[in-house]
Amino acid sequence: EYDTENFTKAGSCSVCGEFAEEDMTCVDAMTFTLNNTGTAYTVTDFLCNYPGYVEIPDEYNGLPVTAIGTDAFRDCAEITSVVIPDSVTSIGGSAFRNCTKLTEIIFSSNITTIPGAMCFGCTNLETVMIFGNVKSVGGYAFSGCSALKCVFYENDEAEWNKITFGASNTALTNAPVHFESIGEHTYADEWTIDSLPTCDEN
């Protein structure tokens, strides 16, 4: 693994000035912080020059990854797709704020709250997959997500209407929501970014 201790968030070494090498893996680009009880990790930072698809691991050093910290991926303009594993139960505010090339995000099925400003300013975000445990969406979580056109939701419309939406989330609430299934797909398919159905499937 890379030793990223001296790398800035933009991906350059604060000591030598060099950028992270091209063969750096997605996990190499993440900073993991052990919790106070020594039982789980939080992703607290990311080297923002890492491009493309980001899959957060469900464990690190033999322990579960249970959280994404506040601002962890903020301003990482090169990432395009994100998968958050079911091990993650909490996400900090502004975690993916201003990730302007982000187009798709799959949430953990164990998330109950989508935090405030999580995807604020993600102007190219088109597709969001939300599982049925979500009870609230924080203010400005999807503010500025003007390209959002496809929301997949695990439960039915009645359950969707029970979710508490904070201020400035019209990009999410006005987007088409596909309840329970899409075409031949159901949530039992364990969708990934590659297998995610398109918005045109009905």
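## The sheet

Two strands count as paired if DSSP finds at least two bridges between them. In this predicted model, six strands pair in parallel to form an open sheet, in the order 3-6-8-10-12-14. Strand 3 (52–55) and strand 14 (177–179) stand at the edges. Each has a single partner strand, so one side of each is left without a neighbour in the sheet. From one strand to the next, the twist averages 15°.

Strand 3 runs parallel to strand 6 (residues 79–83), and four bridges join the two. Gly 52 has Ile 79 of strand 6 as its bridge partner.

## The chain as a whole

The protein chain has two helices and 16 strands. Of its 202 residues, 45% are buried. Contacts with a separation of 6 or more were also counted by distance along the chain. Residues 24 or more positions apart account for 47% of them.

## The nonpolar cores

How many residues does the largest nonpolar core have? The number is 51. Phe 73, Ile 84, Phe 96 and Phe 142 have the most contacts inside this core. Several strands supply at least two residues each: strand 1 (30–34), strand 2, strand 5 (63–68), strand 6, strand 10 (127–130) and strand 12 (150–153). Strand 2 gives the largest share, three residues.

Take Phe 142 as an example. Its neighbours within four places in sequence are left aside here. Beyond them, Phe 142 is in contact with residues including Phe 107, Ile 114, Cys 119, Leu 125 and Val 128. Later in the chain, its contacts include Ser 168, Asn 169, Ala 171 and Leu 172.

A second core is separate and has six residues. Among them are Val 83, Ile 106, Phe 131 and Phe 152.

## Aromatic rings

A pair of aromatic rings is described by the distance of the centres and the angle of the planes. The count here comes to ten aromatic pairs. One of them joins Tyr 41 and Tyr 60, edge-to-face, at 5.1 Å centre to centre and with 90° between the planes. This pair links distant parts of the chain, 19 residues apart. Tyr 41 belongs to strand 2 (residues 41–46), and Tyr 60 to strand 4 (residues 59–60). Both tyrosines are buried.

Trp 160 and Phe 165 form a tilted pair. Their centres are 5.3 Å apart, with 55° between the planes. Are these two rings buried or partly exposed? Trp 160 has a relative accessible area of 7%, so Trp 160 is buried. Phe 165 has 26%, so Phe 165 is partly exposed.

Phe 46, Tyr 50, Phe 73 and Phe 96 form one aromatic cluster. Two of these names, Phe 73 and Phe 96, also appear among the residues with the most contacts inside the largest core. Elsewhere, a charged side chain meets a ring: Arg 97 lies over the face of Phe 120, at 4.1 Å from the ring centre.

## A loop residue

Where does Asn 174 lie? Asn 174 is in the loop between helix 2 (170–173) and strand 14. Its relative accessible area is 65%, over the 50% cut-off, so Asn 174 is exposed. Along the chain, Asn 174 and Val 151 are 23 residues apart. Their C-alpha atoms are separated by 9.9 Å.

Terms used:
Residues numbered from 1 in each chain as written. Predicted model: local features only at pLDDT ≥ 70, side-chain atom pairs only at ≥ 80, totals over all residues. Heavy atoms only, no water. Axes fitted to C-alpha atoms, helices over the stretch in contact; angles between N-to-C directions. Phe/Tyr/Trp six-rings, centres within 6.5 Å; stacked < 30°, edge-to-face > 60°. Buried < 20%, exposed > 50% of the residue type's maximum accessible area, 1.4 Å probe, protein only. Lys NZ or Arg CZ within 6 Å of the ring centre and 35° of its normal. Core = buried A, V, L, I, M, F, W, Y, C linked by side-chain atoms within 4.5 Å. Contact = heavy atoms within 4.5 Å.
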